[in-house]
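Here are my notes on the chain you sent over, set out point by point. Keep the structure open beside you while you read.

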Amino acid sequence: MQPVRINQWGADNSFFTDKKAEIRFGKGGVDDAENAEAVVHEYGHTVHHAQVPGLGSPVEAGSIGEAFGDHQAVTVGEHAAERYGWPLKADVACVADWDSVTYSNAPHCLRRIDSDKTYADRAGRGLVLHHGGLR
């Protein structure tokens with residue numbers, strides 16, 4: 001069982017915390033717990049934590065966790081759309097398009113998974129990190 005807290009964070013931000021091994025979903029814009037890709041993304045962090053506790057601590061490992069969560073969210077969403085005949089409202093590589101409508105221009109993507117960036121393009125803290133969290 002995965003502990004989850006909904007609307008416990010007073011901002012439009014969600015995250016997994018390894019202190020209590022729980023997912024905390026924020027509120028604002030579209031509440032994150034209502035966005036399937038946000039839910040699956042955060043669940044990806046729990047998968048990593050179950051395999052290697054503390055994996056997200058170094059910056060590079062945290063970047064891997066973010067990329068894994070994004071990829072998992074898009075993959076599960078694409079599979080569900082194909083399986084149940086649901087229409088895709090944004091291209092598949094667009095992460096959290098439903099949630100990010102309150103702070104991004106169309107197409108509304110929190111991030112994209114089709115970038116051609118590599119580790120050599122790293123600037124600052126990493127290529128794929130929460131920019132204030134998954135919104």
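1. A word on terms before the residues: a residue is called exposed when its relative accessible area is over 50%, buried when that area is under 20%, and partly exposed in between. By that yardstick Tyr 84 is exposed, and Trp 86 is exposed as well. Please also bear in mind throughout that this is a predicted model.

2. Now the overall layout. The protein chain has 2 helices and 5 strands, and their order along the sequence is β-β-β-α-α-β-β. There are 135 residues, of which 37% count as buried. The accessible surface comes to about 8,000 Å², and carbon and sulfur atoms account for 56% of that. If we take the contacts between residues at least 6 apart in sequence, 45% of them join residues at least 24 apart.

3. Let us start with the hairpin. Strand E2 covers residues 15–17 and pairs with E3 in the antiparallel sense, over 3 bridges. Within that pairing, Phe 16 has Ile 23 of E3 as its bridge partner. E3 itself, residues 22–26, is mostly covered, with 4 of its 5 residues buried.

4. The turn of this hairpin deserves a look. It has 4 residues between the strands, and Ala 21 takes a positive phi there. Most residues other than glycine have a negative phi. Ala 21 is not a glycine, yet its phi is about 50°. Is Ala 21 buried, exposed or partly exposed? Its relative accessible area is 26%, so Ala 21 counts as partly exposed.

5. Thr 17 sits in strand E2. With a relative accessible area of 11%, Thr 17 is buried. Its side chain reaches the backbone nitrogen of Lys 19 at 3.3 Å. Leaving aside residues up to four places away in sequence, Thr 17 touches Glu 22 and Arg 24.

6. The loop between strand E1 (4–9) and E2 holds Asn 13, and Gly 10 is found in that loop too. Which of these is buried, and which is exposed? Asn 13 has a relative accessible area of 12% and is therefore buried, whereas Gly 10, at 75%, is exposed. Each can be placed against a residue further along the chain. The C-alpha atoms of Asn 13 and Ala 38 are separated by 9.8 Å, with their positions 25 residues apart along the chain. For Gly 10 and Lys 27, 17 residues apart along the chain, the C-alpha separation is 6.4 Å.

7. On to helix H1, residues 36–51. Its length checks out: 16 residues at 1.5 Å a residue should span 22 Å, and the end C-alpha atoms are 23 Å apart, which agrees. Asn 35 caps the N-terminal end of H1, with a side-chain oxygen 2.8 Å from the backbone nitrogen of Glu 37.

8. What lies under cover in H1? The buried residues include Ala 38 and Val 40, along with Glu 37, Glu 42 and the histidines His 41, His 45 and His 48. Among the elements that cover the buried residues of H1 are E2, E3, helix H2 (59–84), strand E4 (94–95) and strand E5 (111–112).

9. Helix H2 can be checked in the same way. Its 26 residues should span 38 Å at 1.5 Å a residue, and the end C-alpha atoms are 37 Å apart, which agrees. The buried residues of H2 include the glycines Gly 62, Gly 65 and Gly 69, as well as Glu 66, Asp 70 and Gln 72. Against what do the buried residues of H2 pack? They pack against H1, E4 and E5.

10. Finally, the end of H2. Just after the helix, Gly 85 takes a positive phi of about 70°. A search of the whole structure finds 1 aromatic pair. That pair is Tyr 84 with Trp 86, and it is stacked: 5.0 Å centre to centre, with 25° between the planes. As noted at the start, Tyr 84 and Trp 86 are exposed.

Key. Residues are numbered from 1 along each chain as its sequence is written. This is a predicted model: local features need pLDDT of at least 70, side-chain atom pairs count only at pLDDT 80 or more; totals for chains, interfaces and linings use all residues. Side-chain values use heavy atoms; hydrogens and water are left out. Buried means under 20% relative accessible area, exposed over 50%, partly exposed in between (1.4 Å probe, protein chains only). Contact means heavy atoms within 4.5 Å. Accessible areas come from the Shrake-Rupley method with a 1.4 Å probe; for residues, only the protein chains shown count as cover. Rings of Phe, Tyr and Trp (its six-membered ring) pair if their centres lie within 6.5 Å; planes under 30 degrees apart count as stacked, over 60 as edge-to-face and the rest as tilted. Two strands pair if DSSP finds at least two bridges between them. The expected span of a helix is 1.5 Å times one less than its number of residues. A polar contact is a pair of N or O atoms within 3.5 Å; within protein, one must be able to donate a hydrogen and the other to accept it, and residues adjacent in sequence count only if both atoms are side-chain atoms.
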